[in-house]
Amino acid sequence: MTEIIDAVKEAKEQAKPRNFTQSIDVIINLKDIDVRRPENRFNEELALPNGRGKPIKIGVIADGELAVSAKNAGIDLVISKDDLQEFGKDRKAAKKVANSVDSFIAQADMMPLVGRFLGPVLGPRNKMPKPVPASAKIEPLLERVGSTIKVGIKNQPSIQILVGTQDMSDEDLAENIEAVLAILDRHLEKGRNQIKSMYIKTTMGSVVRVI
């Protein structure tokens, strides 16, 4: 943990001042893993223990009470059943929505329509919605989705993901990174011992090696 905190601190110190809050990424390169084998690939959602550091844009696909709750909670984009069908006819509009939103929540009974009309654009972007019951309370859902990242290995033995922002404390960022490493421990045969190298970087900064 100390090595991670030191690397986070150094990455922040090296970052030149910008007119925006820079994100902090962790880059992990793995060894002794054949990504061509399906059993070596994984994709897991992780609610970062200390959050992402900045809000994300969430789209809610729902009708009825859930849609009303989402609008009352200040969600800018609430997609109805009729909207889904329109997106099915207009691929350009569907792509625009997919690119403008970071993450989606969908009413569970609307998932077949989501798959049919938005699936072709959301799937390749790794943005398929999280299904939730129509009776779900929207506030805790938004809080969880807002702190969630996806950790996984697909075609390359490496991972690069956001773990927070530069205005978060070094300790909170290190704790978020530890949560990512815990996923590797669960999915890889030798866990974090299969890390070949690990780096921390800010959005516009240079990489700082941890391992």
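**A parallel four-stranded sheet, its helix and the largest pocket**

In this predicted model, four strands form an open sheet in the order β4-β3-β5-β6, with parallel pairing. Strands are DSSP runs of E with at least two residues and helices are runs of H or I with at least four, numbered from the N terminus; two strands pair if DSSP finds at least two bridges between them. The edges are taken by β4 (77-79) and β6 (130-132), each with a single partner strand, so one side of each has no neighbour in the sheet. On average, neighbouring strands are turned by 25° against each other, direction ignored. Helix α2 (residues 64-72) packs on this sheet and touches β3 (58-61), β4, β5 and β6, a contact being heavy atoms within 4.5 Å. The direction of α2 makes about 170° with that of β4; axes are lines fitted to C-alpha atoms, for helices over the stretch in contact, and angles between N-to-C directions run from 0 to 180 degrees.

Residues are numbered from 1 along each chain as its sequence is written. Local features need pLDDT of at least 70 and side-chain atom pairs count only at pLDDT 80 or more, while totals for chains, interfaces and linings use all residues, and side-chain values use heavy atoms, without hydrogens and water.

Looking along the strands, β3 is joined to β4 by three bridges, with Gly59 opposite Leu77, and to β5 by four, where Ile61 has Ala106 as its bridge partner. Strand β5 (residues 103-107) in turn pairs with β6 over three bridges, and Gln107 faces Val132 there. Within β3, Ile58 and Val60 point one way, Gly59 and Ile61 the other, and all are buried, that is, under 20% relative accessible area (1.4 Å probe, protein chains only).

Just beyond β5, Met110 sits in the loop leading to α5 (111-117). Met110 is buried as well, at a relative accessible area of 1%. Leaving aside residues up to four places away in sequence, Met110 touches Ile61, Ala62, Asp63, Ile79, Ser80, Lys81 and Leu84.

Finally, the largest pocket holds about 650 Å³ of space. Of its 25 lining residues, Arg125, Asn126, Lys127, Ile149 and Lys150 are the closest to its centre. β7 (148-153) is among the elements that give two or more residues to the lining, and β7 gives the most, with five.

Definitions and conventions: On a 1 Å grid over the protein atoms alone, a cavity is a set of points where a 1.4 Å probe fits but cannot get out, and a pocket is an open set with protein on both sides within 12 Å along at least five of seven lines; lining residues have an atom within 4 Å of a point. Grid points are joined across faces, edges and corners, and a volume is the space filled by probe spheres set on the points. Buried means under 20% relative accessible area, exposed over 50%, partly exposed in between (1.4 Å probe, protein chains only).
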